[in-house]
Protein chains: 2
Amino acid sequence: MALKEISKIIAKELKQFDEIFKNSIRSKIFLVDVITKYILKQKGKKIRPLLVFLSSKLCGETNETTYRGAALVEILHTATLIHDDVVDEANVRRGLPSINSVWKNKAAVLMGDFLLAKGLLLSLDNDDFTFLKIMSDSVRRMSEGEILEIEKSKSLNTDEKTYFKIISDKTASLISTCCEIGAASSTNSLEYRKHLREFGENLGIAFQIRDDILDFIGKKNLMGKPTGISDVGDKKLTLPLIHAIKNSPKIEANSILKIIKNGIDKSAKKIIYDFVHTYKGIDYSIKSSIEFAEMAKSNLSIFPNSIYKQSLIAFTDFVVSRVS
Amino acid sequence: MALKEISKIIAKELKQFDEIFKNSIRSKIFLVDVITKYILKQKGKKIRPLLVFLSSKLCGETNETTYRGAALVEILHTATLIHDDVVDEANVRRGLPSINSVWKNKAAVLMGDFLLAKGLLLSLDNDDFTFLKIMSDSVRRMSEGEILEIEKSKSLNTDEKTYFKIISDKTASLISTCCEIGAASSTNSLEYRKHLREFGENLGIAFQIRDDILDFIGKKNLMGKPTGISDVGDKKLTLPLIHAIKNSPKIEANSILKIIKNGIDKSAKKIIYDFVHTYKGIDYSIKSSIEFAEMAKSNLSIFPNSIYKQSLIAFTDFVVSRVS
């Protein structure tokens, strides 16, 4: 199944979600409302709400709290994207100029904070304390993961273990939160919640490895960020390169690190690309992402078969085979 | 009483607070911990914890939850200061280089997010849901108030009503939250909470007016930000100037607005300073800040007399007479 077909299974829910999401981020301040409407135009893939709904349906009946859970994670995700664009000085987001490029950094940081507050209020006003407990630890992990990534980019010495720590925290934590919130919205079973939390964690790791592979092999990107070996330019060492460095002669690895340290241009990108291929960094990473996807799928084994279980399995396969 | 003397009354609590604050923002990530330790070196005046403790003692016994409430507001305040410094490109905070100037914008935005998450976790882990409800609406107001300020700085048409809306939201909301959280930590009386919330709101407005006056007349600033008519340079119209514009001949007001629009230099600052004085902008603002201080004090009238009540009154008087 492609992403579109999976989304179709919960098309009704996603449509109703749009309405709730829109209403949750309203403001009486004119400029806030203008930016909010702009955010609603930057249509994302809604992967996180999709995971909330599928996880919820896997465990029981989707209900009002499920919608609020989905809105909470999407609001939170949107806030972090806005902050990311400020710090990365990104000009484009989802095919449209980024908030910071239209309204400057100050309004963008504040809009991120505003959205965090609105997400919080949505849960607090409805006594969704369980959601908040699940979610807030992932906010901590997201910021810690990204700061660890910065720390390592300075020393250029990320090893595989550190890489997995970084991507678990910065990416998998929120994916895992989506699945657990979905479960918590429709079942009291802590066992179900635990399995979906672990499913999300493995899925999130697989997702990020695939993203890091795509940074090397190129995305078929119709909208959004420009692609092509941008991580190395930011001095981020990701799995394909970490594997190649580990498995190449030390002298060659050091010369590659020296190139990265000095800042790379187009010809340097070609050298790094060839280096990663020579030492099987892509093959290894593809294998690794598939291993995590398989672990994710095995986390679902306790659930009886259903269209929703099949959809989560299909989504997992999609994540590690996608080209954009 | 000066601020030092007021602080002495709850010196024991403030000392214990330091320990709890420090422990609440710890991290296992090396760089996060390094930045955290740096934040602890940037000693602030701890005005917000002070208000939490005094409000709590006014209503009953200070207890464990009071400390967590004080830590919550100080963590939140610290997070917003870090984000503020990023967006204002400030190089100095509390006499030390700012986080963004030492570790760059990316780490600074993420540290702000990390602190917000840690504040949230501190309350969630202890089921302090009442605190969260009181606090999260003030996070929304803080970001909305600052965005409204940006909106108005573009059109240069802030009137007195809008000015009070901006400063209530961006400054008074958190001060009010401090006082209400203090009350909520030691009493179940909604009446007491309401009075302290309103006290904080009026105190916060008086506080911000005084800040805006000091921007014109100069601060005796030993540590922290450089002073001297910086708001007008940012195209922020504050009460002294708003009053002068309203009470001057239209032709003169327009010429001042034109100067501000074109970006001001040293000689322009002198012209604006004289204009504000000529049309009694400072006198009017001093009067206004005192009026809000008086309203704040009258919000305390339902409380029996005590050293804590006297301290809050003294603090209010200090706020509108301070020179830094």
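**Loop residues, helix packing and the interface between chains A and B**

Leu156(A) has 14 other C-beta atoms within 10 Å and is therefore classed as partly exposed. In this predicted model, Leu156(A) belongs to the loop that joins helix H7 (129-155) to helix H8 (160-186) of chain A. Its phi is near 50°, which is a positive value in a residue other than glycine. In chain B, Leu156(B) directly follows H7(B) and takes a positive phi of about 50°. A further positive phi in a residue other than glycine, near 60°, occurs at Lys280(A). Lys280(A) is located in the loop between helix H12 (266-278) and helix H13 (281-299) of chain A. Because 15 C-beta neighbours lie inside 10 Å, Lys280(A) also counts as partly exposed.

Helix H9 of chain A was examined for its length, burial and packing. For the 28 residues of H9(A), a rise of 1.5 Å a residue predicts a span of 40 Å, and the end C-alpha atoms are 40 Å apart, in agreement with that expectation. Of these 28 residues, 21 are buried, so H9(A) is largely enclosed by the rest of the structure. The residue that follows H9(A) is Gly218(A), with a positive phi near 90°.

H9 (residues 190-217) packs with helix H14 (residues 307-321) of chain A at an angle of about 25°, the two axes being 8 Å apart. Since angles under 35 degrees count as roughly parallel, H9(A) is roughly parallel to H14(A). On the H9(A) side, the contact is formed by Leu203(A), Ala206(A), Phe207(A) and Arg210(A), which meet Thr316(A), Val319(A) and Val320(A) of H14(A). By class, this contact between H9(A) and H14(A) comprises five nonpolar residues, one polar residue and one charged residue.

In chain B, helix H14 (residues 307-321) includes Lys309(B). This residue has 17 C-beta neighbours inside 10 Å and thus counts as partly exposed. When residues up to four places away in sequence are left out, Lys309(B) touches Leu58(B), Leu300(B) and Phe303(B). The C-alpha atoms of Lys309(B) and Ser298(B) are 11 Å apart, with a separation of 11 residues in sequence.

The contact between the two chains takes 35 residues from chain B and 35 residues from chain A. On the side of chain B that touches chain A, two or more residues are given by each of helix H3 (30-41), helix H5 (64-87), helix H6 (99-125) and helix H7 (129-155) of chain B. The most is given by H7(B), with 14 residues. By class, this side of chain B has 21 nonpolar, five polar and nine charged residues. H7(B) itself is mostly covered, with 19 of its 27 residues buried. At 1.5 Å a residue, the 27 residues of H7(B) should span 39 Å, which agrees with the 40 Å between its end C-alpha atoms.

The relation between the chains was then determined by superposition. A turn of 180° with a shift of 0.0 Å along the axis lays chain B on chain A with an RMSD of 0.0 Å. The two copies are thus related as by a two-fold rotation axis. Of the interface residues of chain B, 100% are also interface residues in chain A, so the copies meet through the same surface.

Terms used. Residues numbered from 1 in each chain as written. Chains lettered and ligands numbered in written order. Predicted model: local features only at pLDDT ≥ 70, side-chain atom pairs only at ≥ 80, totals over all residues. Axes fitted to C-alpha atoms, helices over the stretch in contact; angles between N-to-C directions. Helix = DSSP H or I, 4+ residues; strand = E, 2+ residues; numbered from the N terminus. Parallel < 35°, antiparallel > 145°, perpendicular 65-115°, else oblique. Contact = placed C-beta atoms within 7 Å. Nonpolar A, V, L, I, M, F, W, Y, C, P; charged D, E, K, R; others polar. Least-squares fit on C-alpha atoms with pLDDT ≥ 70 in both. Expected span 1.5 Å × (residues − 1). Buried ≥ 20, exposed ≤ 12 C-beta atoms within 10 Å, placed from the backbone.
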